[in-house]
Amino acid sequence: MAIEVFAPAKVNLTLHVTGQRADGYHLLDSVVMFADFGDHLRVTKAAKMSLRVTGPLAHGVPEDARNLCWRAAEAFGEPVAIELDKHLPHAAGIGGGSSDAAAVLRAMEQLFERPFGGNPLELGADIPVCLHATAARMAGIGEDITGLSLPAVHAVLVNPRVDVPTPAVFKALPTKDNPPMGAIPESEYLAWLALQRNDMEAAAAGLAPEIQITLDALAQMPKQCLTRMSGSGATCFALFETRALADHAAQMLATQYPNWWVQSATLT
């Protein structure tokens, strides 16, 4: 029997860096939503571990224990054959690897009919929220997950195909004790989002100027409500009131910047 699972793109609509613990871990406060676009996985019981990566963005993705999918399966404690159909750019600030790993854990829970008994944080700070896989507030070092009932929002996601290592962005932050978000309103949500921040955006753009070019291009899109970087970059997004507007923006950007990764999506 094979279990097929979807690994959606994770988008940090906000990302406030609120402190740093004595052990070096950074404290975050973030609204996270998940796209209707992502990777697809197929997980099957096997005599020994294996991982095969296919799809349009498979190039450069490891097929061994360097891959977080592999490490998640090992943490679960059973050998499986994993087929990963890769559509999300990796090291891009939209949780591709973490979402894939969380999807493997969900598949293995079905396949072996038992819950994952390990600590998901040991696999990465984004694993708990990716296991949740729908709108949430993520706080602490990633372990504090609160589900949110938010209206769906429509977005275009853009990655200028540059790698921005997360540790380098954290190191470049001028301050690490910024204010948290405060209460999340049930109405006027987009207006509230516009008042929030991604505290890593300026530092990431300093390391990769393509990020600011991407944000500027998104700001030119007709009827966009908000532009911001997701996670530690380099993927950026613009929000729109309808999916049709997001689709139109994606078409415009893909034409203007054919070397960029561009994808419209609905976030929930």
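How many of the 17 residues of α2 are buried? Hi everyone, let's start there, and please keep in mind that we are looking at a predicted model. The count is 13, so to speak, and that leaves α2 mostly covered.

Now follow α2 along its length. The helix takes in residues 96-112, and with 1.5 Å for each residue we expect a span of 24 Å. The C-alpha atoms at its two ends are 24 Å apart, so expectation and model agree. Just after α2 comes Glu113, with a positive phi near 55 degrees.

Next, the pockets. The largest one holds about 1200 Å³ of space, and 45 residues line it. Which element gives the most to that lining? It's our helix again: α2 supplies 4 residues. At least two residues each also come from β1, β3, α1 and α4. Look for Ser98, Gly124, Ala125, Asp126 and Thr166, the lining residues that lie nearest the centre. By type, the lining has 21 nonpolar, 16 polar and 8 charged residues.

The second largest pocket has about 230 Å³ of space. Its lining includes Pro56, His59, Asn159 and Arg161, and it divides into 6 nonpolar, 4 polar and 2 charged residues.

Finally, the cores. The largest nonpolar core has 38 residues, and Met200 is among those with the most contacts inside it, together with Val156, Val164, Ile211 and Leu253. Leaving aside residues up to four places away in sequence, Met200 touches Leu15, Phe170 and Met229, among others, and also Thr166, which we met at the largest pocket. There is a second, separate core of 30 residues, including Val5 and Ile127. Thanks for listening!

Key
Residues are numbered from 1 along each chain as its sequence is written. This is a predicted model: local features need pLDDT of at least 70, side-chain atom pairs count only at pLDDT 80 or more; totals for chains, interfaces and linings use all residues. Side-chain values use heavy atoms; hydrogens and water are left out. The expected span of a helix is 1.5 Å times one less than its number of residues. Buried means under 20% relative accessible area, exposed over 50%, partly exposed in between (1.4 Å probe, protein chains only). A nonpolar core is a set of buried Ala, Val, Leu, Ile, Met, Phe, Trp, Tyr and Cys residues joined through side-chain atoms within 4.5 Å. Contact means heavy atoms within 4.5 Å. On a 1 Å grid over the protein atoms alone, a cavity is a set of points where a 1.4 Å probe fits but cannot get out, and a pocket is an open set with protein on both sides within 12 Å along at least five of seven lines; lining residues have an atom within 4 Å of a point. Grid points are joined across faces, edges and corners, and a volume is the space filled by probe spheres set on the points. Ala, Val, Leu, Ile, Met, Phe, Trp, Tyr, Cys and Pro count as nonpolar, Asp, Glu, Lys and Arg as charged, and the others, Gly among them, as polar.
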